[in-house]
Amino acid sequence: MKRPRWCAVPPPATAQQRPTTRRTADKVMLLLFETPSGFAVFNFFATLIEQPNALEKIWTNFTKIEKVKKVVWLRQFQIIEDSSSAINQSTGVNGVLTEMIMKYHCPGQKMAVGELGYKKIIEERLKIARVYDTTVMELMWGIQNRMRQLVPREKAYLHESQLLPMSQGLQNVLSRYDFNYFNPDMLNERILIMAYALFECDSFENEKSGDLHHAASVIKDVSGIDTDAWDLLKIATAVKRIWCPKEASNSCEFSEHEVKRLVNDADKYEVKLDKDACLKVSRQMITVFHFRNDKKILLKKYIAQALDAYEAE
């Protein structure tokens, strides 16, 4: 089976140890992760799965190992030769695994698990509240793909049947940029970083779109220009034409009449818009637009290279 190249060679890494107390039990959760040769117990910040749109964002924390260690850290790894005997419906949770879990569990603290069966068994036998949902599976995907760095003692590879599907959040980003049929086995560091760069561009656009659409409505009201069909790039360019016409590029088409109205009405806009704030957002949006185009080209290139390498194996 072909292994994801970005986790094939484990660089040296030491998981950061942070104690959990009763005070932090509601902010820091436990996570039980099954590896090829045993089980690992992690801590992670609860906000990771509780934040708005968590399903879209969790994967972004696993783009670089430096980011990973800020939100997830290993507490203990235990080699267990027969994992089926460690936890099952008939016998419950064996002594070794129970001791490891309870060693790091605080009263009232929740624990995330990657299998529904484990959730039921541990809730019944250990009386620990468990979390198992789509956001947890996104988190499990990230840990699985960073397993070599997060659990350096684990030397074995997961069997193909144990590999989780690609992160839904990452898949959504790739699909938005027309990479609908991306093979998860082709994923590597460069592709992941380019996808993250595009995600950040999309996030910025979503965050600032309201400001620019407001500017467009003011342009329509003040200068009588129909802005209904304008995209964000054209709105940002129009703002620059109002106050900094020499900076404005010709990447967006404006009629001579529109340009004249924008420039002549500049004083009127200062009454209804914050000039400095509008210019700042407009410049940022134009920069993001060009940055995103460059990253789209690189992502396409890296995916093509990954496909060639994958097919050659």
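This report covers strands, one helix, salt bridges and two unusual backbone angles in a predicted model.

## Strands β1, β2 and β3

Start with β1 and β2. Strand β1 covers residues 28-35, and strand β2 covers residues 38-45. The two run antiparallel and are joined by eight bridges. Together they form a hairpin, with two residues between the strands. Two bridge partners help to locate the pairing in the structure. Leu31 has Phe42 of β2 as its partner. Phe33 has Ala40 of β2 as its partner.

Strand β2 also pairs with β3, which spans residues 72-79. This pairing is antiparallel too, and it runs over seven bridges. Here Phe39 stands opposite Gln78 in β3. So β2 has pairings with both β1 and β3. In a regular strand, side chains alternate between the two faces of the sheet.

## Strand β6 and burial of the strands

Strand β1 has a further partner in β6, residues 111-113. These two strands run parallel, joined by three bridges. Leu31 appears again: its bridge partner in β6 is Ala112. Leu31 therefore has a partner in β2, namely Phe42, and one in β6, namely Ala112.

How much of β1 is buried? Seven of its eight residues are, so the rest of the structure largely encloses the strand. Strand β2 is mostly covered as well, with seven of its eight residues buried.

## Helix α7

Helix α7 runs from residue 134 to residue 145. Its length can be checked with simple arithmetic. The helix has 12 residues, and at 1.5 Å a residue they should span 16 Å. The end C-alpha atoms are 17 Å apart, which agrees.

Of the 12 residues, 10 are buried, so the rest of the structure largely encloses α7. The buried residues include Val136, Leu139, Met140, Trp141 and Ile143. Glu138, Gln144 and Asn145 are also among them.

## Salt bridges across the chain

Side chains of opposite charge can pair when their charged atoms come close. The model holds 13 salt bridges, counting a Lys or Arg side-chain nitrogen within 4 Å of an Asp or Glu carboxyl oxygen. One of them joins Glu56 and Arg176, at 3.9 Å from N to O. This pair links distant parts of the chain: Glu56 sits in helix α2 and Arg176 in helix α9, 120 residues apart. Glu56 is partly exposed, with a relative accessible area of 25%. Arg176 is partly exposed as well, at 43%.

A second long-range pair is Asp202 and Arg292, at 2.9 Å from N to O. Asp202 lies in helix α10 and Arg292 in helix α14, so the bridge ties together parts that are 90 residues apart in sequence. Both Asp202 and Arg292 are buried. Salt bridges with shared partners join Glu56, Arg176, Asp202, Glu205 and Arg292 into one network.

## A salt bridge within helix α6

Glu123 and Lys119 form a salt bridge inside one helix. Their closest N and O atoms are 3.2 Å apart. Both residues lie in α6, four residues apart, or about one turn of the helix. An α-helix has 3.6 residues a turn, so residues three or four places apart point the same way. Glu123 is partly exposed, at 29% relative accessibility.

## Positive phi at Asn53 and Lys127

Most residues other than glycine have a negative phi. Which angle does Asn53 have? Its phi is positive, about 55 degrees, although Asn53 is not a glycine. Asn53 is found in the loop between α1 (47-50) and α2 (54-57). The residue is exposed, with a relative accessible area of 57%.

Lys127 also has a positive phi, near 60 degrees, and is not a glycine. Where is Lys127 found? It is in the loop between α6 (116-126) and β7 (130-131). At 67% relative accessibility, Lys127 counts as exposed, because exposed means over 50%.

Definitions and conventions
Residues numbered from 1 in each chain as written. Predicted model: local features only at pLDDT ≥ 70, side-chain atom pairs only at ≥ 80, totals over all residues. Heavy atoms only, no water. Buried < 20%, exposed > 50% of the residue type's maximum accessible area, 1.4 Å probe, protein only. Pairing = 2+ DSSP bridges. Expected span 1.5 Å × (residues − 1).
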